[in-house]
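Let's take a walk through this fold, one sheet at a time. Have the sequence and the 3D view open as you read.

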Amino acid sequence: MLKISDLTAGYGRLNALRGIDLTVGKSEIAFVVGPNGAGKSTLLKVICGLIKPWGGRIEFEQSLINGQPPEKLCREGLVLVPEGRSIFASLTVEENLALGGMGRKDKDVLEGDLEKVLTTFPILRSRYKGVAGHLSGGEQQQLAIARAILQQPALIMIDEPSLGLAPLMIDEVYASLKALNESTGMTLLIIEQSTARILKLAHQVNVLRNGEIVLSKRTSEIDDPKILEEAYFGYAA
Ligand SMILES: Nc1ncnc2c1ncn2[C@@H]1O[C@H](COP(=O)(O)OP(=O)(O)OP(=O)(O)O)[C@@H](O)[C@H]1O
Ligand SMILES: [Mg+2]
């Protein structure tokens with residue numbers, strides 16, 4: 001689905017990503033974790049075309065997509081839920097969700113999909129006619145994810161879904177994402193700062209530190225969570 005090789009990128013003279021290799025298979029849940037400033041958001045922005053890479057290759061469904069415009073990539077099924085959500089606060093929940101389905105021609109199927117996301121995220125059903133800006137942070141996060149789902153992406157990339165959420169809400173958002181992956185086979189690339197919860201959810205984990213991937217493993221290969229911590233904090237292995 002997504003294959004990144006030897007990717008470099010940055011801002012001016014700052015080299016934020018160095019020699020990144022990352023492969024995400026169809027229907028996988030892949031995580032990239034790392035501390036503040038590691039380059040996680042930069043990685044997602046480069047993948048979805050918001051920042052041009054300096055070098056390397058990004059292949060999506062077997063075609064090279066380096067430097068293609070984000071609108072085009074989005075139409076082709078690569079959708080980003082950026083850091084800090086991105087809902088329209090003055091519009092209602094209904095209107096925000098309608099924006100997600102806007103480009104779709106299969107209106108009958110869309111209705112069914114809408115029904116499904118409202119079942120997955122019940123709070124959105126109960127606040128359907130309400131203004132999105134009045135939702136709590138976690139509820140807004142659910143709305144941003146629900147809207148992305150209605151775009152029918154092949155790959156959905158989420159930048160720190162847990163940011164600013166209470167632990168219970170994080171569990172809820174992740175349970176929904178896992179259920180979605182299991183029921184629809186949607187491929188997920190998720191960025192997080194914390195390694196908590198990941199081993200239960202992910203099929204593969206990548207640790208990004210100082211612009212480099214220092215560990216990349218299938219979850220099934222990680223028998224001791226300490227391996228993750230060590231890569232994250234940079235202790236000698
Ligand atoms: N627009 C920008 N201009 C210049 N430097 C930037 C810009 N955006 C990010 N950077 C720098 O690039 C590096 C990587 O930033 P990035 O936002 O990718 O980190 P991150 O891993 O997402 O961090 P966080 O967990 O805090 O969100 C940091 O050193 C950051 O200061
Ligand atoms: Mg970030």
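**A tour of two sheets and a ligand**

L7 has I20 in strand 2 as its bridge partner. Before going on, a word on the ground rules: this is a predicted model, in which local features need pLDDT of at least 70 and side-chain atom pairs count only at pLDDT 80 or more, while totals for chains, interfaces and linings use all residues. Residues are numbered from 1 along each chain as its sequence is written, and chains are lettered from A and ligands numbered from 1 in the order in which they are written.

Back to that pair of strands. Strand 1 and strand 2 run antiparallel and are joined by seven bridges. Strands here are DSSP runs of E with at least two residues, helices are runs of H or I with at least four, and both are numbered from the N terminus. Two strands pair if DSSP finds at least two bridges between them. Strand 1 and strand 2 also make a hairpin with two residues between them, and G12 in its turn has a positive phi of about 55°.

Which strands make up the rest of this sheet, and in what order? The sheet is open, has four strands in the order 2-1-4-5, and its pairing is antiparallel. Strand 2 and strand 5 (63-64) are the edge strands, each pairing on one side only. Further in, strand 1 (residues 2-11) meets strand 4 (residues 55-60) in the antiparallel sense over five bridges, and there I4 stands opposite I58 of strand 4.

Helix 1 lies across strand 1, strand 2 and strand 4, and runs at about 65° to strand 2. Contact here means C-beta atoms, placed from the backbone, within 7 Å of each other. The angles run from 0 to 180 degrees between N-to-C directions, with axes fitted to C-alpha atoms (for helices, over the stretch in contact).

Helix 1 also brings us to the ligand. Ligand 1 is surrounded by 13 residues, and the closest are Y11, N36, K40, S41 and T42. A residue is near the ligand if its C-beta atom, placed from the backbone, lies within 6 Å of it. Strand 2 (14-24) and helix 1 (40-47) are the elements that give two or more residues to this shell. Helix 1 supplies the largest share, three residues. By character, the shell around ligand 1 divides into four nonpolar, seven polar and two charged residues. In that count, Ala, Val, Leu, Ile, Met, Phe, Trp, Tyr, Cys and Pro are nonpolar, Asp, Glu, Lys and Arg are charged, and the others, Gly among them, are polar.

Now for the other sheet. Six strands form it, open again, in the order 6-7-8-3-9-10 and with mixed pairing. Strand 6 (78-81) and strand 10 (212-218) stand at the edges with a single partner strand each, so one side of each has no neighbour in the sheet. On average, neighbouring strands of this sheet are turned by 15° against each other, direction ignored.

Look at strand 9 next. Strand 3 (residues 29-33) pairs with strand 9 in the parallel sense over four bridges, with F31 opposite V205. On the other side of the pairing list, six bridges join strand 9 (residues 204-209) to strand 10, and these two run antiparallel. Here N206 is bridged to S216, and L208 to I213. Strand 9 and strand 10 form a hairpin with two residues between them, where N210 in the turn has a positive phi of about 50°.

Is strand 9 enclosed or left open? Five of its six residues are buried, so strand 9 is largely enclosed by the rest of the structure. Buried means that 20 or more other C-beta atoms lie within 10 Å of the residue's own, exposed means 12 or fewer, and partly exposed is in between, with C-beta atoms placed from the backbone.

Helix 6 (residues 137-150) lies across strand 6 and strand 7 (155-159), at about 170° to strand 6. Of its 14 residues 13 are buried, so helix 6 too is largely enclosed by the rest of the structure. Q152, with a positive phi near 55°, follows helix 6.

Finally, E182 sits in helix 7 (residues 167-184). E182 counts as exposed because it has 11 C-beta neighbours inside 10 Å. S27 is 155 residues from E182 in sequence, yet their C-alpha atoms are 8.3 Å apart in space.

Methods: Contact = placed C-beta atoms within 7 Å.
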